[in-house]
Structure formats: structure tokens, C-alpha cells
Amino acid sequence: PDTLIGYIDQVRQAIPLSIPVTTADVYTTFLGNPILVDHIDFIFANIYPFWEGYKIQHGVAMLNYYYNQLITTYPTKAIKISETGWPSCGSFGDAIGSLENEALYFSQVETWARDKNVTLFYFEGLDESWKIPYEGPQGGCWGIWDKNGSMKPGMPIVFEGISAPYDLNLPSTCDTNQFSFNF
């Protein structure tokens with residue numbers, strides 16, 4: 001954390017105060033390092049319910065839960081979701097990647113962000129097959145468009161502004177009191 005804070009402070013000193021400075025990382029980094037948050041202008045948090053192993057029906061509820069943890073912990077900081085998404089293939093724990101699940105999460109999370117007035121960046125534009133050796137099969141299929149530039153089935157409804165219902169009830173098996181922080 002000290003090295004990153006040093007870089008952040010170096011950038012802050014080199015640019016006008018009107019330009020905000022932050023870093024992006026998984027939400028647990030910010031929850032576990034309040035000293036880091038003291039040196040940034042807003043929180044840019046990555047939240048991936050898929051990588052936490054949650055079923056698709058709990059994806060938005062978990063995103064909402066972790067987002068609210070950040071709000072509760074840092075009520076004076078603006079919080080933006082720098083990355084979230086769901087892959088169209090692969091699996092992790094109870095999380096199943098499929099075209100249907102990817103489209104469902106995309107439409108639900110965009111509806112949630114509009115409803116809650118949350119700035120959110122969806123990950124990602126295009127599938128990147130080079131990631132497969134590093135992340136498994138799911139690493140290569142997070143795109144809204146496939147690697148050939150064709151929009152995947154189910155994705156156009158988001159761009160048409162069609163809202164999707166979502167459920168914010170946490171799964172009964174969720175142990176939200178167990179956090180492990182690694183920087």
C-alpha cells in the first residue's frame with residue numbers, strides 16, 4: 001500500500017487539484033486499506049459476483065451488497081464501479097457462464113445502476129481469447145461482442161434502454177461477515 005500511495009501522491013502533486021486522482025482495484029482492497037482511501041478522490045471498485053462464485057440469480061444482490069459496504073465504510077467518498085460483468089462461458093463455484101446468464105446480468109446490472117444512480121463500467125467490450133491460459137475458459141468470454149465483433153444474443157436490449165427486473169435479496173448461504181483482504 002505504501003508504494004501505491006507514494007505514486008498516487010506523486011500524481012496528485014503534479015496535476016491541478018481540479019483533476020481527480022484514484023486507483024482501481026477489487027472492492028476488498030478499499031475495505032481493507034482505509035489509509036489508501038485517504039489518498040484518493042473517489043473509489044473505483046471492481047465487483048465481480050461471478051468470481052465470488054455466486055449463482056446468477058444472486059449476482060446483482062451481491063453487487064449491491066458490496067457496493068453498500070463501501071458506501072457505509074466511506075460515506076464521504078464518491079464510489080464508482082470500475083468493472084463488473086459476467087462471462088458467457090466457464091464456471092466458478094456456483095457461478096455459471098452462459099450467453100443467457102451474461103445477457104441477464106448485463107441487463108439487470110445496467111437497470112440497477114440506473115435505478116440507484118451509480119456510475120458503472122461494464123466489463124468488457126470484446127471477448128479476449130488471450131486470457132484463457134491465465135483465467136481458464138471463462139477468461140476469454142466476458143465481451144458484449146464476441147472476438148469477431150458480433151454482438152452476442154440478448155445484449156441489444158440494454159442498448160435499447162429496456163429495463164430488467166432484479167432481486168436484491170441476499171442468498172441464505174451468503175456469509176457476509178467473512179472477509180479476507182489481500183493487497
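Charge comes first: the chain of this predicted model carries 9 positive and 20 negative side chains. The centres of the two sets lie 4 Å apart.

**Overall build**

The chain holds seven helices and six strands. Read from the N terminus, the order of elements is α-β-α-α-β-α-β-β-β-α-β-α-α. The radius of gyration is 17 Å, close to the 16 Å that the globule rule gives for 183 residues, so the chain is as compact as a globular protein of that length. Along the principal axes, the C-alpha atoms fill a box of roughly 45 × 40 × 35 Å.

Of the 183 residues, 44% count as buried. The accessible surface comes to about 9,600 Å². Carbon and sulfur atoms contribute 53% of that surface. Among contacts with a separation of 6 or more, 60% join residues 24 or more positions apart.

**Two helices, H4 and H5**

H4 and H5 can be set side by side.

| Helix | Residues in helix | End-to-end C-alpha distance | Expected span |
|---|---|---|---|
| H4 | 15 residues | 21 Å | 21 Å |
| H5 | 18 residues | 26 Å | 26 Å |

Helix H5 covers residues 99-116. At 1.5 Å a residue its 18 residues should span 26 Å, and the distance between its end C-alpha atoms agrees. The length of H4 is likewise close to expectation.

Which residues of H5 are buried? They are Asn 101, Glu 102, Ala 103, Tyr 105, Phe 106, Ser 107, Gln 108, Val 109, Glu 110, Thr 111, Trp 112 and Ala 113. Two of the acidic residues, Glu 102 and Glu 110, are on that list. These buried residues pack against helix H4 (59-73) and helix H7 (156-159). They also pack against strands E3 (78-84), E5 (95-96) and E6 (120-122).

In H4, the buried residues are Gly 59, Val 60, Ala 61, Met 62, Leu 63, Asn 64, Tyr 65, Tyr 66, Tyr 67 and Leu 70. Three tyrosines in a row, Tyr 65, Tyr 66 and Tyr 67, belong to this set. The cover over the buried residues of H4 includes helix H2 (27-32), strand E2 (42-46), E3, H5 and E6. H5 thus appears in the cover of H4, and H4 appears among the partners of H5.

**Backbone exceptions around E6**

Most residues other than glycine have a negative phi, and most peptide bonds are trans. Two sites depart from this pattern. Asn 117 comes just after H5, in the loop between H5 and E6. Its phi is near 55 degrees, a positive value in a residue other than glycine. Is Asn 117 buried or exposed? Asn 117 is exposed, with a relative accessible area of 71%.

The other site involves a peptide bond. The bond from Phe 123 to Glu 124 is cis, with omega near 15 degrees. Glu 124 sits in the loop between E6 and helix H6 (132-135).

**Residues beside the helices**

His 58 lies in the loop between E2 and H4. At 19% relative accessibility, His 58 counts as buried, because the cut-off for buried is under 20%. Leaving aside neighbours within four places in sequence, His 58 is in contact with Asn 169 and Pro 171.

Pro 1 lies in the segment before helix H1 (2-14). Pro 1 is partly exposed, at 38% relative accessibility. Its C-alpha atom is separated by 6.7 Å from that of Leu 36. Along the chain, Pro 1 and Leu 36 are 35 residues apart.

How values were computed. Residues are numbered from 1 along each chain as its sequence is written. This is a predicted model: local features need pLDDT of at least 70, side-chain atom pairs count only at pLDDT 80 or more; totals for chains, interfaces and linings use all residues. Side-chain values use heavy atoms; hydrogens and water are left out. Helices (H or I, at least four residues) and strands (E, at least two) are DSSP runs, numbered from the N terminus. The expected span of a helix is 1.5 Å times one less than its number of residues. Buried means under 20% relative accessible area, exposed over 50%, partly exposed in between (1.4 Å probe, protein chains only). Contact means heavy atoms within 4.5 Å. The radius of gyration is taken over C-alpha atoms; the globule rule is 2.2 Å times the number of residues to the power 0.38. Accessible areas come from the Shrake-Rupley method with a 1.4 Å probe; for residues, only the protein chains shown count as cover. Lys and Arg count as positive and Asp and Glu as negative; His and the chain ends are not counted. The place of a charge is taken as NZ of Lys, CZ of Arg, CG of Asp or CD of Glu.
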